[in-house]
Every structure is written in structure tokens, then in C-alpha cells.
Amino acid sequence: MAATLTAGAPARPRKLLASRRTRVGILYALPVVVYLLVLFVYPIFSTLVLSLKDADGSFTLHWYADALTGVNLSVLFTTLRISAETAVLSLVFGFVLAQAITRLKPVWAGLAMLVVVVPHFVSALVRTYGWIIMLGDKGLVNETLAWAPGAPYQLLYNELGVVIGTTSMMLPYTVLLLYGVMRGVDRRLLAAASSMGAGKVTIFRRVYLPLVAPGLASAGLLSFILSLGYYITPALMGGPNQTMIATLINQQVTKENQWNGAAAQGVILLVLTLAGLLLVKVVSSLGASRKKRNAS
């Protein structure tokens, strides 16, 4: 009996301590939960409800049908196309840049990454106007290419201008992601493949590329997701045929006072973004499992 009491004695203080820690943890988490509920969950829920209301307050799917037909559907396809083009170009240039930086000495690699990242802290509006100045008829690019036939080239207010601008905005994200992945590649695997007689192309295709493939997929999907809702650059550097979904939402709210239609467009954009994030999660999980198999 005494042994039972002695063994059970410490259990009660531990329970009290655990319950106290739980209460303290809940107390600390409460402001964050309230913050997320007020500034994240409530606006999303309100937008969803608004997109399902008619002018008289009754339930309707009219706004979704309107968002997926006619001009609105064309805008959605334009958004997807420009986002895909931006993601592909960001991957190409980001891969080349990240690969070059990984070959530098640590000091120079740090400076190179600084050059890549620092412009990202400049306002997107300022950078967009910088591109407008550079790509204009009297800008640096056209002045440099003045000798070429057909100059000056129309580099603004078309899809080319939008893709150039959005690619420059997404490039830092791509380089940062790919640089981290490439730095994690075990160079001994490449050396082993080389010692067994594999050529540079074979090493790149059969060894290096599979190792960095999850990072490529994540970087491309991230650029695509960020481009879906990008507003400033497409609005300033694009023309009427390059209207993207964020620009359309702004027009519906500020010019047409059509909040229900804008809400439906916003929900569609949110669904696309969540689908992209889920895909990133799946790709990252596949990459992690592949690393574990290679390690074992």
C-alpha cells in the first residue's frame, strides 16, 4: 500500500504541471488565433458568402457562371498563360544564375546573392517604372538596338513587356530556392559518375538533374502561384489584351461597383492558389522521400 502511494505521489504534481503548461500555451496562442480569425478567416469567409449572394441577398451561382464564361474566362486563361510563361522563364534564368553562384567561392557567392536579393527590397512599383523607362521607345534597350532592323521595338503594353516585368519580380524567389537546393547536392556523386566514365551531359541528365528536380518543381510552382495574383506590373506594363485576374477584380470593384462578381473572381483565384500550394507540398514530400531512399 505504501509503495503504491509512493509511486502515485509524483503523478499528481506532473498532471498539475502539464495542465498549467497547457493553459499557458493556450494563453500565448490566443492572440495569434484571434489575429488569424479576424484578419484571415473572416475576410475569406465573407468573400465566399458575398460571391454566393445575388443583388437581393438570395443564394446564387450566377457570379461563378459569369466568371467562367465570355471575357472573364478569357482573362482567366490569359492569367494562367502569362503565369506559366513567367514561371518557365524564371526557372531558366534562375537555374543558370543559381548554378553559376554555387561555383563561386563563399565570399563571392555571398556578394552575388546580395546582388540578387537586394533589388527585391525595392518597391515593386519603383522597379516596374524602371522597366518602363528601360523598355520604352527611347529607353536603354531600344537605344542600344537602334542599329538593328525594325527598331525601335514595341516592348511595352503587350504580353512581352508583362512577361519581362513579372519574370524580373519572380527571379529572386527562384534563385534563392534553387541555390539552397544546389548547395545541398553531394558533389561526390558527380565525381563518382565522372570517374566511371560518364560525360558531362550524362552526369547532368542522369545524376545532377534528378537531385535538383524537386527544387525546380517547387521554384516553378512558387513563381506560377505568385504570378497568378500579381497586379502592379501587369497593370502598368500590359495592354487591354493582357488584363489579368487581379486587374479585372480591381476594375470590377472600383469602376463597376460589382463586389459580388469580384468576390467570385477572388474565390477562383484562391482555389487556384491553394491547388498550387498543395502541389508544392506534394512535390516537396516526393523530394524528401527520394532523398531518404538515396541516403539509405
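1. Phe-95 is a good place to begin: in this predicted model, Phe-95 counts as buried because its relative accessible area is 15%, and the cut-off for that word is under 20%. Its ring takes part in an aromatic pair with the ring of Phe-204, and the two centres are 6.0 Å apart, with 85° between the planes, which makes the arrangement edge-to-face. A pair of aromatic rings is described by the distance of the centres and the angle of the planes.

2. The partner in that pair is placed differently with respect to the surface, since Phe-204 has 37% relative accessibility and therefore counts as partly exposed. Phe-95 belongs to helix H4 whereas Phe-204 belongs to helix H10 (residues 200-228), so the pair ties together parts of the chain that lie 109 residues apart in sequence. The structure holds two aromatic pairs, and Phe-95, Phe-204 and Tyr-208 make up one aromatic cluster.

3. How many salt bridges does a search of the whole structure find? The search finds two. Side chains of opposite charge can pair when their charged atoms come close. One of the two salt bridges joins Arg-81 to Glu-159, with 2.8 Å between the closest N and O atoms. This pair, too, links distant parts of the chain, for Arg-81 sits in helix H4 and Glu-159 in helix H8 (residues 159-183), with their positions 78 residues apart in sequence. Arg-81 counts as partly exposed because its relative accessibility is 35%, while Glu-159 counts as buried because its value is 18%.

4. Another salt bridge is formed where the side chains of Asp-186 and Arg-188 meet, at 2.9 Å from N to O. As for the surface, Asp-186 is partly exposed at 30% relative accessibility, and Arg-188, with a relative accessible area of 64%, is exposed.

5. A student looking at charge on the surface may turn next to a positive patch, which is formed by Arg-103, Arg-183, Arg-187 and Lys-200. Among these residues, Arg-103 is found in the loop that runs between helix H4 (70-102) and helix H5 (106-117). Arg-103 counts as exposed because its relative accessible area is 64%, and the word exposed is used for values over 50%.

6. Two residues deserve a careful look at their backbone angles. Tyr-157 has a phi near 60°, which is a positive value in a residue other than glycine, and its place is the loop between helix H7 (140-144) and H8. With a relative accessible area of 48%, Tyr-157 is partly exposed. Asn-257 also has a positive phi, of about 55°, although Asn-257 is not a glycine. Asn-257 is placed in the loop between helix H12 (245-254) and helix H13 (259-295), and with a relative accessible area of 57% it is exposed.

7. Where does Tyr-231 lie? Tyr-231 is in the loop between H10 and helix H11 (232-237), and it is partly exposed, with a relative accessible area of 34%. Tyr-231 and Thr-47 are 184 residues apart in sequence, and the distance between them in space is 19 Å from C-alpha to C-alpha.

Key. Residues numbered from 1 in each chain as written. Predicted model: local features only at pLDDT ≥ 70, side-chain atom pairs only at ≥ 80, totals over all residues. Heavy atoms only, no water. Patch = residues over 30% accessible without salt bridge, like charges linked within 9 Å, V, L, I, M, F, W, Y side chains within 5 Å. Areas by Shrake-Rupley, 256 points an atom, 1.4 Å probe, with all protein chains shown as cover. Salt bridge = Lys/Arg side-chain N within 4 Å of Asp/Glu carboxyl O. Lys, Arg positive; Asp, Glu negative; His and termini not counted. Charge placed at Lys NZ, Arg CZ, Asp CG, Glu CD. Helix = DSSP H or I, 4+ residues; strand = E, 2+ residues; numbered from the N terminus. Buried < 20%, exposed > 50% of the residue type's maximum accessible area, 1.4 Å probe, protein only. Phe/Tyr/Trp six-rings, centres within 6.5 Å; stacked < 30°, edge-to-face > 60°.
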